[in-house]
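The following paragraphs lead through several helix contacts and a pocket. Please keep the sequence and the model at hand while reading.

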Amino acid sequence: MRRIDFSHVRNAFMVIFRPFLAGRKPPYRKRNPVDSSPISPIIPRDQHSVSRRNISKNALNVLYRLHEAGFRACLVGGGVRDVLLGREPKDFDIATDATPEQIRKLFRNCRLIGRRFRLAHILYGKEVIEVATFRASGDDMPGRAADDSGRLLRDNVYGSLEDDVQRRDFTVNALYYDIADFSVIDHVGGMRDLRDGVLRLLGDPETRYREDPVRMLRAARFAAKLGFRLHEDTERPIAELAPLLEGIPPARLFDECLKLFHTGHGEASLHELRRLDLLRWLLPPVDEALALTRDEGAALHFIETALANTDRRVAEDLPLSSAFLYAALLWPVAVLRAQLLDHEGQPPSVVLQQAGDEALRLLQQRVALPRHLQLLTREIWEMQPRFSLHQGRGVASLHGHPRFRAAYDFLLLRAQSGERQAAEDAVWWKAFVEASPGDQHAVFSPSGEGELKRRRTPRRRKPRGEGPAAHGE
C-alpha cells in the first residue's frame, strides 16, 4: 500500500499557525495601535462619505498637481474630519512626501514659512492651502531639537505617511484622504473615535504635552468645537502639566485665543478651559477677576453673553472685532481694578482709565495683544462713562466719535448682561440712535432738557434783490 506524504500539509499548517502558537499575532495582519481588533487601515471610496464635492477647487488643484508630479498627496486633518462629520470645513491642509523646496518649484504662488515646522502656503486670493511634508520621529535625528522640558524647538525630520501619522495630535485629526484612489487611510482608529465622540491624543499624553504644551489648549478647543469628550488618558496629565503654558511665547497664545473664542464656539471653549483649569494659565487676570469679583456670577455671565453674541455673528458670517473681544474678556478685570484703586476724589472716567491700563498690562504678561488693538480696547472702555450724558454738546461729541458704534454695542452688551446703570443708559441711547436726525439735534441744545424734541430752525431771510438763481437753485 502506497504511503501518503502529509509533510507539505504540516508545513503549511505551521506557516499559518506558528505565530499563534508562539503567542504572537501573524506578521501580515495590520493592527490598529488604539483598537485591539485587527483592521485594514485603507477604507475604500464606497465605504466613507468624503467626496471631492466637499473639497475646495483650490485644494483639489494642489492635490492633483502634486500627484501628477509623482508625489503622494493626501488631504489630512480637520478637512477630512469635518467632512466625515457632515460639517463644512473652514480650511484644507495637505500632507505630501514632496519637500518644501520641491513644492515651491511646482507652485509659483507658494511661500515657505516657519522654522519649528517648515510649511508651504499656496495662496489663492484669500484662501490659503497649507502643505506639509510627511514628518518622522527620532529624537536624535538632525533637524529635530527639544528643550529641557521636552518642548520641541524644531521638528523638520521628514518621513513617510506611516511615520507622519504618529506625529499628528489626535486620532480624529490623523485621517488621510488619498487623491490617488480616493480612499481614507486610518492607522489609529480615528474613524471609531469620530463615531464615539471621543478626543484621544496619539502616543503617550504626557510626552506629547511636553513636546508642545499648546496641545492642552487644542484639546479644550476641539472638545468644545466638536462636542466630544476627552479620553481619560488624554485629560489626566493636564492638571499637572498646565503650568508649562507659561513657557509659550505670548504672540502664539494670542493666536490660540482667537482660535478658541473667535471661531464660533467661544462660549463652549470658555467652559472647557475653566473645567480643565486652563484659563488660569492662559488668561490669569480674567481667571483671577472671576474668582475675586464680589458677584462672580455676574462677571461670568457678562463674558458668556459676549462670547454667545460672537458665536452668533460667526454663524451669521458677520464681521468680528478682536478689540471688542478683548474689551469684553478684560472688562471684569478693569472693573475689579477700579474697585481696588484709591479714587481720591478722581472722576470715574479717570479711575476706569487707570484700571484699564492695569488690566492690559497684566494681559501682556501672557498674551501679546498688538498695540493697535490695545488702543481700540481702551477707547471702547473710556467711552462707557460718557453714555451717562443725555443732553448737551457731550452727546454730539460722543455720537460723532469714530468708535461710537463699537462702544455703543459694548454698552448694549453690558445692559444685556444685567448691569443696572448700563441698562438705563442703553434705553435712552437706543431711542436716540433710532430717532430722526432732527430729533437727535434737539438733544444737543441745553434747552432740550434731554428730550427728543424737534427744534425749529430759524427761517433764513433772503437778501433784498436776490432770487433763487442767485444760490444756484
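At what angle do the axes of helix 16 and helix 20 cross, and within what distance do they come? The model is a predicted one, in which local features need pLDDT of at least 70 and side-chain atom pairs count only at pLDDT 80 or more, while totals for chains, interfaces and linings use all residues. Residues are numbered from 1 along each chain as its sequence is written, and side-chain values use heavy atoms, with hydrogens and water left out.

The axes of helix 16 and helix 20 cross at roughly 35 degrees and come within 11 Å. Helices here are DSSP runs (H or I, at least four residues), numbered from the N terminus. Axes are lines fitted to C-alpha atoms over the stretch in contact, with angles from 0 to 180 degrees between N-to-C directions. The crossing of helix 16 past helix 20 is right-handed, the near helix being turned clockwise from the far one by less than a right angle; anticlockwise would be left-handed. In this contact (heavy atoms within 4.5 Å), Phe324, Ala327, Ala328 and Trp331 of helix 16 meet Ala406, Asp409, Phe410, Leu413 and Arg414 of helix 20. Seven of these residues are nonpolar, none is polar and two are charged. In this division, Ala, Val, Leu, Ile, Met, Phe, Trp, Tyr, Cys and Pro count as nonpolar, Asp, Glu, Lys and Arg as charged, and the others, Gly among them, as polar.

Helix 20 (residues 404–416) also packs against helix 21, with axes that come within 8 Å and cross at roughly 135 degrees. Helix 20 is therefore oblique to helix 21; angles under 35 degrees count as roughly parallel, over 145 as roughly antiparallel, 65 to 115 as roughly perpendicular and the rest as oblique. The contact includes Phe404, Tyr408 and Arg414 from helix 20, and Asp425, Trp429 and Lys430 from helix 21. Its residues divide into 10 nonpolar, no polar and four charged. Helix 20 passes helix 21 in a left-handed crossing.

The second largest pocket is the next feature to consider. A pocket is an open set of points on a 1 Å grid over the protein atoms alone where a 1.4 Å probe fits, with protein on both sides within 12 Å along at least five of seven lines; lining residues have an atom within 4 Å of a point. The volume of the second largest pocket is about 650 Å³. Of its 26 lining residues, Trp331, Val335, Gln339, Arg414 and Glu419 are the closest to its centre. Helix 16 gives the largest share of the lining, six residues. By class, the lining has 13 nonpolar, eight polar and five charged residues.

Elsewhere, Leu258 lies in helix 11 (residues 250–261). Leu258 and Ser322 are 64 residues apart in sequence, yet 7.8 Å apart in space, C-alpha to C-alpha.

Notes
Grid points are joined across faces, edges and corners, and a volume is the space filled by probe spheres set on the points. Helices (H or I, at least four residues) and strands (E, at least two) are DSSP runs, numbered from the N terminus.
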